[in-house]
Amino acid sequence: MVENTLFLGLDVHKKTISVATVDGSARAEVRFYGTIENTPDAIRLLCKKLSKDGRRVHACYEAGPCGYNVQRHLTRLGHRCDVVAPSRIPRKAGDKVKTDRRDAMTLAQTLRAGQLTEVWVPDQAHEAMRDLVRLRSQAMRDLRKTRQHLLSFLLRHERISPFGHWTKMHRRWLGELKFAHPAQHLALEEKLHRIERAEELCERLKQAIGSWCRSGRWLRSCRRCKRCAASR
């Protein structure tokens, strides 16, 4: 069955895909097919041409910023496509030369040899949840950075809080601070507003994630998450 399979190595970019092919036969050589546009129509025409003699198509590409759309296009066309972990791809020691052509050929060769490690491909619902979780993580980082900017500002002006940071007493102390120069007082107010907006965003995202986790298909996975379980 393997000998009737054509293995494809795809080096996927935003606008193009570099394609390399190799037959299932152990003695077959890896060939660079060429570069196609990264569009559903181009992918469909590629598969139609490569599988016209009845051969099965088994493709792979590295997990990366382009996501899983190529994998989904190929799956809908009835072909197998693996998304593989870049860090687990075998590479020769000292080989630091990277080109689209070489990367595609390496993927095709290692795919045929069974030396690649697949990553789990989420469905579109799971991917949407991932996007929301990533956004909350970014919002939390932004909040920490915004708070640090305020603390650095206060330290430069020798305003040291006698209370623990971000407690109720600390927030009350912040609201009572006064500066002699209006520009400095305006800077303080704007930094406090930025912190309030960042906190509100984090809370909205937390509530949205919790709501999705407690509903329908997410309930089972949420039971395995200590953080979500504690919030219920």
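A disulfide is a pair of cysteine sulfur atoms within 2.5 Å, and the views below, all drawn from a predicted model, start from that cut-off.

**View 1. Cysteines C47, C60 and C81, among which no disulfide is found.** A search of the whole structure returns zero disulfides. C47 takes part in none, and the cysteine sulfur nearest to its own, that of C81, is 8.8 Å away. For C60 the closest cysteine sulfur is also in C81, at 7.2 Å, and because a disulfide needs sulfur atoms within 2.5 Å, this separation is too far for a bond. C60 counts as buried, with a relative accessibility of 0%, and C47 is likewise buried, at 1%.

**View 2. The largest cavity and the residues that line it.** The structure holds one cavity of 30 Å³ or more, and the volume of the largest cavity is about 40 Å³. Its lining consists of L8, L10, I17, I36, I43, L46, C47, V70 and L74, so that C47, shown in the previous view as a buried cysteine at 1% relative accessibility, appears here again as a lining residue. Three elements, β1 (5-12), α1 (40-50) and α2 (69-76), each supply at least two residues of this lining, and α1 gives the most, with three residues. Sorted by class, the lining has nine nonpolar residues, with no polar and no charged residues.

**View 3. The salt bridge between R91 and E62.** This pair is taken from the 11 salt bridges that the structure holds. The closest N and O atoms of R91 and E62 are 3.5 Å apart. The pair links distant parts of the chain, since R91 is placed in the loop between β5 (80-84) and α3 (100-112) while E62 belongs to strand β4 (residues 56-62), the two being 29 residues apart. Both partners are partly exposed, R91 with a relative accessible area of 42% and E62 with one of 22%.

**View 4. The salt bridge between K98 and D103.** Here the closest N and O atoms are 2.9 Å apart. K98 is located in the loop between β5 and α3. The two partners fall into opposite accessibility classes: K98 is exposed, with a relative accessible area of 53%, whereas D103 counts as buried, at 9%.

**View 5. D23, D53 and R55, linked in a network of salt bridges.** The three residues D23, D53 and R55 are joined to one another through this network. To relate this view to the preceding one, K98 and D23 can be compared: they are 75 residues apart in sequence, and their C-alpha atoms are 23 Å apart in space.

**View 6. The second largest pocket and the residues closest to its centre.** This pocket holds about 360 Å³ of space. It is lined by 15 residues, of which P90, K92, D95, R102 and T106 are the closest to its centre. Its lining, sorted by class, has four nonpolar, four polar and seven charged residues, while the lining of the largest cavity in View 2 has nine nonpolar residues and neither polar nor charged ones.

**View 7. The salt bridge between R147 and E199.** The closest N and O atoms of R147 and E199 are 2.7 Å apart. This pair links distant parts of the chain, with R147 in helix α4 (residues 124-156) and E199 in helix α6 (residues 182-213), 52 residues apart.

**View 8. The aromatic pair formed by F153 and F179.** The structure holds one aromatic pair. In this pair, F153 and F179 are tilted relative to one another, with 5.5 Å from centre to centre and 50 degrees between the planes. F153 lies in helix α4 and F179 in the loop between α5 (168-175) and α6, so the pair ties together parts of the chain that are 26 residues apart in sequence. Both F153 and F179 are buried.

Definitions and conventions
Residues numbered from 1 in each chain as written. Predicted model: local features only at pLDDT ≥ 70, side-chain atom pairs only at ≥ 80, totals over all residues. Heavy atoms only, no water. Buried < 20%, exposed > 50% of the residue type's maximum accessible area, 1.4 Å probe, protein only. 1 Å grid on protein atoms, 1.4 Å probe; cavity = no way out; pocket = protein on both sides within 12 Å on 5 of 7 lines; lining within 4 Å. Points joined across faces, edges and corners; volume = space filled by probe spheres on them. Helix = DSSP H or I, 4+ residues; strand = E, 2+ residues; numbered from the N terminus. Nonpolar A, V, L, I, M, F, W, Y, C, P; charged D, E, K, R; others polar. Salt bridge = Lys/Arg side-chain N within 4 Å of Asp/Glu carboxyl O. Phe/Tyr/Trp six-rings, centres within 6.5 Å; stacked < 30°, edge-to-face > 60°.
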